[in-house]
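Here is a short briefing on a single protein chain. Please keep the sequence and the 3D view open while reading the points.

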Amino acid sequence: MNVELKENERVDDLEFNNLKIIQNEKWFCFGIDAVLLSDFAKNIKKDSMVMDLGTGTGIISILLCEKTNLKKIIGVEVQEEVYNMACRNSKLNNLENKFEVINQNILNLKDMYKNNSLDVIVTNPPYKKINTGVVNYEEKKLISRHEILANLEDYINISSSLLKDKGEFYMVHRPDRLVDILENMRKYKLEPKEIKLVYSRSNQPPKLVLIKGVKNGKAFLKFRENLYIYNKNGEYTDEILKIYNKN
């Protein structure tokens, strides 16, 4: 499909089932965290109704449409220009019937959707608390990286409200926020069930954490095998190559 690109835009090949994605070089482009989250959540049940909180350009939703047999996924994006790009990405991949995008702040979702109405929620939220870390004054990068329009507790609270009983919650975040994540998940009855730590290399501290929770689930936490991105030679490990469909 031919696509008309705007200034600073490019089309990237996701190298999976001929999927492609439009990105703006000056905005926040997706990283490996989004790809890893889509793989972490790939075992969601057939015909699930799914929501992607903070979908950005739609990378997680697009990958899940191909990796799972979900019925529909709703991507929620607050930034209008990024939302428009996600809509174009849905159309570019012929996913309009499965991947719907809405332009909303997640704080408004409780007024738009019924409680206990979704089977699965996935989210790759802003990692940094407001007024912490290196600040990037490009607004779209700032909103994508910092908790300006909604914070970690908001994402977890809203997910709990919208999920059905025993609904599944999948999140990727930074390990330094793990205590906050687990505290809020328990607070809002999203019982942590699985944790997977992601390392750049074996001799470095973890850089990402993947978490699965179940609404009103029983207390039992399993640590899955650690994931290493690079081997000693600086090349992708076999597990990463498999996730990228190159192995």
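Asparagine 116 sits in the loop between strand 5 and strand 6. In this predicted model, asparagine 116 has a positive phi of about 60° although it is not a glycine. The chain as a whole has 7 helices and 11 strands.

**Backbone angles in loops**

- Most residues other than glycine have a negative phi.
- Asparagine 116 is an exception with its phi of about 60°, and it counts as partly exposed because its relative accessibility is 44%.
- Asparagine 18 also has a positive phi, of about 65°, although it is not a glycine.
- The loop that holds asparagine 18 runs between strand 1 and strand 2 (20-24).
- Asparagine 18 has a relative accessible area of 68%, so it is exposed.

**The chain overall**

- The chain has 247 residues, and 50% of them count as buried.
- About 12,700 Å² of the chain is exposed, and carbon and sulfur atoms supply 44% of this area.
- Among contacts with a separation of 6 or more, 69% are between residues 24 or more positions apart.

**Nonpolar cores**

- In soluble globular proteins, nonpolar side chains tend to be buried together.
- The largest nonpolar core here has 38 residues, of which Leu36, Leu37, Val122, Tyr170 and Ile240 touch the most other members.
- At least two residues of this core come from each of helix 1 (32-40), helix 2 (59-67), strand 5 (99-103), strand 6 (118-123), strand 7 (163-173), strand 9 (206-215) and helix 7.
- Another core, of 28 residues, lies apart from it, and its members include Val76, Ile106, Tyr155 and Ile211.
- Leaving aside neighbours within four places in sequence, valine 122 is in contact with Leu37, Ala41, Met51, Asp52, Leu53, Ile60, Leu64 and Tyr170.

**Helix 2 and a buried asparagine**

- Helix 2 is largely enclosed by the rest of the structure, because 8 of its 9 residues are buried.
- The buried residues of helix 2 are Ile59, Ile60, Ser61, Ile62, Leu63, Leu64, Cys65 and Lys67.
- Asparagine 89 belongs to helix 3 (residues 80-92).
- Is asparagine 89 buried or exposed? Asparagine 89 counts as buried, because its relative accessibility is 0%.
- Not counting residues up to four places away in sequence, asparagine 89 touches Lys20, Ile21, Ile22, Thr57 and Ile62.

**Salt bridges**

- The structure has 13 salt bridges.
- One of them joins arginine 88 and glutamate 9, with the closest N and O atoms 2.5 Å apart.
- This pair links distant parts of the chain, since arginine 88 is in helix 3 and glutamate 9 is in strand 1, 79 residues apart.
- Glutamate 9 has a relative accessible area of 11%, so it is buried.
- Glutamate 191 pairs with arginine 186, and their closest N and O atoms are 2.8 Å apart.
- Within this pair, glutamate 191 counts as buried at 10% relative accessibility, whereas arginine 186 counts as exposed at 51%.
- Asp39, Lys42 and Lys67 are joined into one network by salt bridges that share partners.
- Inside that network, lysine 42 and aspartate 39 meet at 3.2 Å, N to O.
- Lysine 42 counts as partly exposed at 36% relative accessibility, whereas aspartate 39 counts as buried at 17%.

**Cysteines**

- A disulfide is a covalent bond between the sulfur atoms of two cysteines.
- How many disulfides does the structure hold? The structure holds 0 disulfides.
- Cysteine 65 counts as buried, because its relative accessibility is 3%.
- Cysteine 87 has a relative accessible area of 27%, so it is partly exposed.

**Toward the two ends of the numbering**

- Valine 3 lies in the segment before strand 1 (9-13) and counts as partly exposed at 33% relative accessibility.
- Val3, Leu5 and Val11 make a nonpolar surface patch of about 180 Å².
- Lysine 246 lies in the segment after helix 7 (238-243) and counts as partly exposed at 47% relative accessibility.
- The C-alpha atoms of lysine 246 and phenylalanine 16 are separated by 9.1 Å, although these residues are 230 residues apart along the chain.
- Not counting residues up to four places away in sequence, lysine 246 touches Glu15 and Leu241.

Conventions:
Residues are numbered from 1 along each chain as its sequence is written. This is a predicted model: local features need pLDDT of at least 70, side-chain atom pairs count only at pLDDT 80 or more; totals for chains, interfaces and linings use all residues. Side-chain values use heavy atoms; hydrogens and water are left out. A disulfide is a pair of cysteine sulfur atoms within 2.5 Å. Buried means under 20% relative accessible area, exposed over 50%, partly exposed in between (1.4 Å probe, protein chains only). Helices (H or I, at least four residues) and strands (E, at least two) are DSSP runs, numbered from the N terminus. Contact means heavy atoms within 4.5 Å. Patches are made of residues with over 30% relative accessible area and no salt bridge: like charges are joined within 9 Å, nonpolar side chains (Val, Leu, Ile, Met, Phe, Trp, Tyr) within 5 Å. Accessible areas come from the Shrake-Rupley method with a 1.4 Å probe; for residues, only the protein chains shown count as cover. A salt bridge is a side-chain nitrogen of Lys or Arg within 4 Å of a carboxyl oxygen of Asp or Glu. A nonpolar core is a set of buried Ala, Val, Leu, Ile, Met, Phe, Trp, Tyr and Cys residues joined through side-chain atoms within 4.5 Å.
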